Every structure is written in structure tokens, then in C-alpha cells.
Amino acid sequence: MQRSASLNEDDQQPPQSPSTPTADSRLSQHVITCTNIGPIDVFVQGVRAPNEVVILTVHDIGCDHHQFMDFVDHPKMRPIRDRTVWIHIDVPGQGIDAPDLPADYHFPRLQEIGEDLVYVLDQLNVKEVVCFGEGAGANILCRFAMAHIERVLGIVLLHCTGSNAGFLNLLKEKMTSWKWDALSMTSSIENYLIVHRFGGGLKFSKASDNEELKSILDSYHETLYTKTNVKNLKPFVESFHKRNNIEDFIKNLKCPVLLVTGQSSVFNCTTRSLHQAITKTCEDKTKVEFIEVAGVANVLEEKPDKLAESFQYFLQGLGLVSSVPMHNVHKMLRNRTMSMEDYDRPMRDRNNSVTSGGGGADTPTSPLSSSPHQHQSLLSSTPPLAAPIME
């Protein structure tokens with residue numbers, strides 16, 4: 001059977017959860033009940049279609065789906081946004097203005113959340129996805145990708161740590177000052193989250209010298225103090241810090257991987273460690289990419305344009321959104337017999353069509369599917385995507 005990242009009209013469709021209109025016309029909201037974690041809020045951004053490319057996101061601690069919506073709406077993301085559907089997961093109790101979780105609610109482990117995300121895909125009738133997660137959300141999606149190999153085309157991991165929390169000495173001091181019985185946001189909790197997301201030391205103290213970063217931090221501060229349920233945030237942070245070491249079984253991660261970290265991120269070293277663990281066990285090392293962005297801690301917030309460019313190349317390496325022109329490429333070879341729809345189909349679908357006798361054209365070359373030398377030539381003067389540091 002031909003596989004696709006899209007809805008298969010010939011498949012029997014499982015019952016879908018009713019969608020709820022939101023204040024934002026770009027979204028439809030669903031409440032989907034999963035076996036281990038119970039009901040979760042799911043937000044679908046984009047127009048569903050038979051040949052859709054679906055991106056599944058999970059956010060970091062101290063955040064919700066809005067962090068990804070802002071990224072999707074970045075001008076550099078528009079060509080991709082117009083060709084994709086995004087499914088944003090809010091971890092239980094973490095949404096803006098979320099009510100308190102029930103008193104008898106047992107907050108799930110990261111592993112339980114990762115395994116249960118398959119119920120979201122089943123309820124929304126999605127066969128395959130590209131995963132896109134940050135921090136704790138990246139760790140969750142990595143677990144999902146290992147538990148449900150056949151449902152994942154590729155995965156993007158931002159500031160992802162694969163080991164347990166024992167090494168996080170930089171955060172221990174912040175954690176000791178956390179007022180666990182606090183019913184509202186405090187400066188100690190805020191400082192912990194700021195360090196977690198934006199790094200500490202000089203980068204944060206100099207924020208006033210950078211108006212864009214200052215605006216980001218001011219907005220995050222407002223969200224924490226006016227819209228975050230601290231009572232619900234506490235068990236998510238605890239779950240993140242009680243995680244087990246996924247590097248021990250990372251060999252089960254079979255899909256292409258793009259790891260991204262900021263040079264100033266507190267998780268820079270752990271992201272590097274995860275990259276080394278993956279490349280050590282994977283059969284095809286060309287499927288693993290690592291990017292470090294210079295001069296920033298949080299790539300998603302501080303360098304969304306760089307992340308958008310890298311994400312496009314990664315998708316095109318999977319054979320997706322290939323009709324989108326590549327940035328900084330003066331000339332791109334294309335087989336003119338292929339339609340725009342064919343170019344936006346997953347690469348393995350097009351390969352299946354050719355091998356099954358359905359005709360078709362050769363797959364266009366993609367930066368991430370090329371050898372390093374080919375990649376360099378395609379990007380002209382632009383550094384190769386796998387270069388350690390992007391300026």
C-alpha cells in the first residue's frame with residue numbers, strides 16, 4: 001500500500017472529535033481523550049486536504065501552543081505554512097488561562113505523554129507526521145517517534161536533552177528557590193523559566209541592549225504573570241526533571257532527525273550529547289543533522305528566520321514541500337514533467353509510484369538528501385546546513 005503524510009480517502013475514517021471555534025480564526029480546537037493522560041487540548045492550524053503535510057508540535061515547560069503559532073506566522077514561514085497543516089498539542093493544564101487540573105489527576109510521565117499522542121493522530125485521521133518540538137516537548141516527541149516508528153516521517157528537536165536531570169547543575173540553584181506551594185507566579189519561578197528558555201548570565205543581563213530580545217522577554221513575563229496556571233505548571237516541571245534517559249534506547253529512533261540548539265542555551269551540551277548518541281547508533285548517519293545558531297539561547301524566539309530556512313531544507317530532504325524555492329539558491333534543477341502537487345508529496349510516496357509502474361519523474365535533489373559535497377554546491381556560497389554554527 002502506498003504510504004502518505006496525508007489523509008487517505010480510501011481508508012475507513014475513525015470518528016473525529018468535534019472541533020470548537022476559537023477566538024483565532026486560524027485555528028480549530030479539539031479535546032481528545034487519550035488512554036494514559038486523559039483529555040488534552042489540540043489545535044489544528046491550516047486547512048485539511050487529501051494530500052496534506054502534517055506537522056505535530058509539543059511545547060516546552062512554561063509555554064503552550066502559541067509559541068509555535070508565532071513561528072508558523074513568521075514571514076519566512078509563509079511558503080511552508082501555505083502547504084502544511086499544523087497540529088499543536090497543549091500538555092494537560094498548560095494552556096493560557098487553563099483551569100486547575102482535577103485534584104485527583106495524576107500528571108503523566110513524559111513517556112506516557114509521548115506514547116499517547118498516537119490517539120490524537122487516530123482521532124484526526126492523520127497517518128503520518130513530521131514532529132517539531134522544543135525542550136520538554138522535544139523530549140516527548142522523541143519518545144513518540146520511537147514508540148510509533150511507522151507514523152513519523154522525520155523529527156525536529158529544538159534544545160532537546162536525552163539524558164536524565166542529574167547533570168543540570170546550572171538549574172539546581174534556581175530550583176532550590178522555587179516556591180512549590182505558590183499559587184501564583186513569583187520572581188523565583190520566573191527566573192527559573194527565563195534561564196531554562198533564554199539562558200543566564202551575560203545574555204540575560206544584557207537584554208536591555210537588544211530591543212527585540214527585550215520585547216520577547218517582556219511578552220513572556222506578562223504571559224507568566226497573567227495567563228499561566230502555576231499550580232498546573234509545577235507537575236509538568238516535576239515530570240520533566242524525573243524523566244529517564246532516552247539515550248539508552250535512542251537506537252529505536254529510525255526517522256531522519258534535525259537537532260537545533262542556540263550557542264548560549266543551557267541545553268547546548270545536552271543537545272550535542274543527544275546528537276552524538278543518535279549518530280553512534282543510527283544505520284544511516286546522513287539522516288542526522290545538527291545545527292548550532294551563534295549568539296542566541298532560544299533559536300525559536302531569537303532567530304526564527306534561520307530556523308525557518310533550516311526547517312524548509314529538512315522538509316525538502318524528506319521529499320515534502322519541494323515546490324517551495326530554496327533560499328539563497330540561484331538555480332534549482334527541476335524535472336518539468338512533475339506537477340506542483342507531485343513535488344509536495346512525500347519523497348517515499350513518489351518513489352513508490354515510480355517503482356510500482358506508475359510512471360513519474362525523478363525526485364528533485366534536496367539539500368538534506370545530498371552528499372556533503374553536493375549540498376555545498378547546491379547552496380553556492382551559503383554554508384552547508386549541517387555546519388556546526390549558523391551566524
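Here are a few notes on this predicted model, covering confidence, one helix and the largest pocket.

1. Start with how far to trust it. The protein chain has a mean pLDDT of 78, with 70% of its residues at 70 or more. Two stretches deserve caution: pLDDT stays under 50 over residues 1–16, where the model has 42 contacts beyond four places in sequence. It is also below 50 over residues 350–388, a stretch with 75 contacts in the model beyond near neighbours in sequence.

2. Next, have a look at helix H5, which runs over residues 136–147. Its 12 residues span 17 Å from first C-alpha to last, close to the expected 16 Å. Since 11 of those 12 residues are buried, H5 is largely enclosed by the rest of the structure.

3. What does H5 pack against? Its buried residues, including Ile-140, Leu-141, Arg-143 and Phe-144, pack against strands S4 (53–58), S6 (129–134) and S7 (152–158), along with helices H3 (110–116), H4 (118–123) and H10 (230–241).

4. Now the largest pocket, with a volume of about 620 Å³. It is lined by 29 residues, and those closest to its centre are Gln-67, Asp-70, Ser-219, Thr-223 and Glu-301.

5. Which elements give two or more residues to that lining? They are helices H1 (66–72), H7 (187–198), H9 (211–227) and H12 (299–302). H9 supplies the largest share, nine residues.

6. As for the character of the largest pocket's lining, 13 residues are polar, nine nonpolar and seven charged.

How values were computed:
Residues are numbered from 1 along each chain as its sequence is written. This is a predicted model: local features need pLDDT of at least 70, side-chain atom pairs count only at pLDDT 80 or more; totals for chains, interfaces and linings use all residues. Side-chain values use heavy atoms; hydrogens and water are left out. Helices (H or I, at least four residues) and strands (E, at least two) are DSSP runs, numbered from the N terminus. The expected span of a helix is 1.5 Å times one less than its number of residues. Buried means under 20% relative accessible area, exposed over 50%, partly exposed in between (1.4 Å probe, protein chains only). Contact means heavy atoms within 4.5 Å. On a 1 Å grid over the protein atoms alone, a cavity is a set of points where a 1.4 Å probe fits but cannot get out, and a pocket is an open set with protein on both sides within 12 Å along at least five of seven lines; lining residues have an atom within 4 Å of a point. Grid points are joined across faces, edges and corners, and a volume is the space filled by probe spheres set on the points. Ala, Val, Leu, Ile, Met, Phe, Trp, Tyr, Cys and Pro count as nonpolar, Asp, Glu, Lys and Arg as charged, and the others, Gly among them, as polar. pLDDT is the predictor's confidence in each residue, from 0 to 100.
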